Amino acid sequence: MDPVTLVLLALAAAVYPTLLAGVILILAQPQPLRMLLAFLAGGLTVSMIAGIAIVRALESSGAVGTSHRTTRPVVSIVVGALSLGVAWGIWSGAINREMAKHRRRKRAPEAPKKPSMASRALSRGSIAMAFVAGTILNLPGVWYLEALTEIAKAMPSTVSSLLQLLLFNVIMFALVEIPIVAYVVNPQGAAGFVEHASKWGHDHSREVAISVATIVGVWLIVKGIIAL
């Protein structure tokens, strides 16, 4: 699989609103390290198992074989269009309205809405619930499915497939891994770093998600058009 495409797709998955919102909620807890570890364990478990299963299924079915090469550029263009649709949805507030709430600060105040199930679960500070939330919030999305299709299309060796899946997931969970590393390397200074990172993410997550989704969408569309 093209390394640039893999990295871009993984970055898009890393800042998808549901995953990003889950990380921000955990970082807001008084002692988030154990919850971060549980969230990462749950997310990696479901993501790697699903990734291996989907790649194997695609390879064995022949759905990405030579007879289907003419359809791949079209799929790339469609996924790119979906990525642009996600960017628009975040911008308009249709996707995860929590990330768009600062656009309504100057408007009349709205009645408070009931927090989502994931928000209530993560706000309890439960390690078990963090693990469950990690599995639920990290089921394969459109960008991961596109990456899995690209990996299967290349028909790599088992080791190569696993390495590509691992690289994708390491990048996708970077926003969970960085605070964990901060706690391990510098436990005393980690609290301040995490607080600053949480505030920055809360204030800028929407813009980051829109930018990455737009870049990935344009990249996939251009890539598909060139391959036609």
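What share of the 228 residues in the protein chain do buried residues make up? Buried residues account for 41% of the chain. The legends below treat a predicted model.

**View 1. The whole chain is built from helices.** The protein chain has ten helices and zero strands. From the N terminus on, the elements run α-α-α-α-α-α-α-α-α-α. Take the contacts with a separation of 6 or more: residues 24 or more positions apart account for 82% of them.

**View 2. Confidence varies along the protein chain, with α5 lowest and α8 highest among the elements in mean pLDDT.** The chain averages a pLDDT of 82. A score of at least 70 is reached by 84% of the residues. The mean is 63 for α5 and 94 for α8. Over residues 102–112, pLDDT stays under 50. For that stretch the model has seven contacts beyond four places in sequence.

**View 3. Helix α8 spans residues 158–172.** This helix has 15 residues. From first C-alpha to last it reaches 21 Å, close to the 21 Å expected at 1.5 Å a residue. Buried here are Ser-161, Gln-164, Leu-165, Phe-168, Asn-169, Ile-171 and Met-172. Seen down the axis of α8, these buried residues fall within an arc of 165 degrees, so they line one face of the helix. An α-helix has 3.6 residues a turn, so residues three or four places apart point the same way. The face of α8 turned away from the buried side carries exposed Val-159 and Leu-163. The buried residues of α8 pack against five helices named here: α1 (3–14), α2 (17–27), α3 (33–61), α7 (142–153) and α9 (174–185).

**View 4. Gln-164 lies in helix α8.** Is Gln-164 buried or exposed? Its relative accessibility is 12%, and buried means under 20%, so Gln-164 counts as buried. Leave aside neighbours within four places in sequence. Gln-164 is then in contact with Met-1, Leu-6, Ile-151 and Pro-156. Ile-151 is itself one of the buried residues of α7.

**View 5. Helix α7 is mostly covered.** Nine of its twelve residues are buried. They are Trp-143, Tyr-144, Glu-146, Ala-147, Leu-148, Thr-149, Glu-150, Ile-151 and Ala-152. What covers them includes α1, α3, α4 (72–92), α8 and α10 (187–227). From first C-alpha to last, α7 reaches 16 Å, close to the 16 Å expected at 1.5 Å a residue. Just after the helix, Met-155 takes a positive phi of about 50 degrees.

**View 6. Trp-143 belongs to the largest nonpolar core.** That core has 52 residues. Which of them touch the most other members? Leu-9, Phe-39, Trp-143, Phe-168, Val-176 and Val-216 do. Trp-143 is in contact with Leu-9, Phe-168 and Val-216, among others, leaving aside neighbours within four places in sequence. Its other contacts on that basis are Ala-12, Ala-13, Tyr-16, Ser-83, Val-86 and Ala-213. Phe-168 is one of the buried residues of α8. Trp-143 is one of the buried residues of α7.

**View 7. Gly-80 is found in helix α4.** Gly-80 is buried, with a relative accessible area of 0%. Not counting residues up to four places away in sequence, Gly-80 touches Gly-217, Leu-220 and Ile-221. Gly-80 and Ile-215 are 135 residues apart in sequence. In space they are 9.3 Å apart, C-alpha to C-alpha.

**View 8. Gln-29 sits in the loop between α2 and α3.** Gln-29 has 15% relative accessibility and counts as buried. Where does its side chain reach? The side chain of Gln-29 reaches the backbone oxygen of Leu-25, at 3.2 Å.

**View 9. Ser-126 lies in the loop between α5 (117–123) and α6 (127–137).** Ser-126 is partly exposed, with a relative accessible area of 25%. The side chain of Ser-126 reaches the backbone nitrogen of Ala-128 at 3.4 Å. Ser-126 and Ala-38 are 88 residues apart along the chain. Their C-alpha atoms are separated by 9.4 Å.

Notes. Residues are numbered from 1 along each chain as its sequence is written. This is a predicted model: local features need pLDDT of at least 70, side-chain atom pairs count only at pLDDT 80 or more; totals for chains, interfaces and linings use all residues. Side-chain values use heavy atoms; hydrogens and water are left out. Helices (H or I, at least four residues) and strands (E, at least two) are DSSP runs, numbered from the N terminus. The expected span of a helix is 1.5 Å times one less than its number of residues. Buried means under 20% relative accessible area, exposed over 50%, partly exposed in between (1.4 Å probe, protein chains only). The arc is that of the directions from the helix axis to the C-beta atoms. Contact means heavy atoms within 4.5 Å. A polar contact is a pair of N or O atoms within 3.5 Å; within protein, one must be able to donate a hydrogen and the other to accept it, and residues adjacent in sequence count only if both atoms are side-chain atoms. pLDDT is the predictor's confidence in each residue, from 0 to 100. A nonpolar core is a set of buried Ala, Val, Leu, Ile, Met, Phe, Trp, Tyr and Cys residues joined through side-chain atoms within 4.5 Å.
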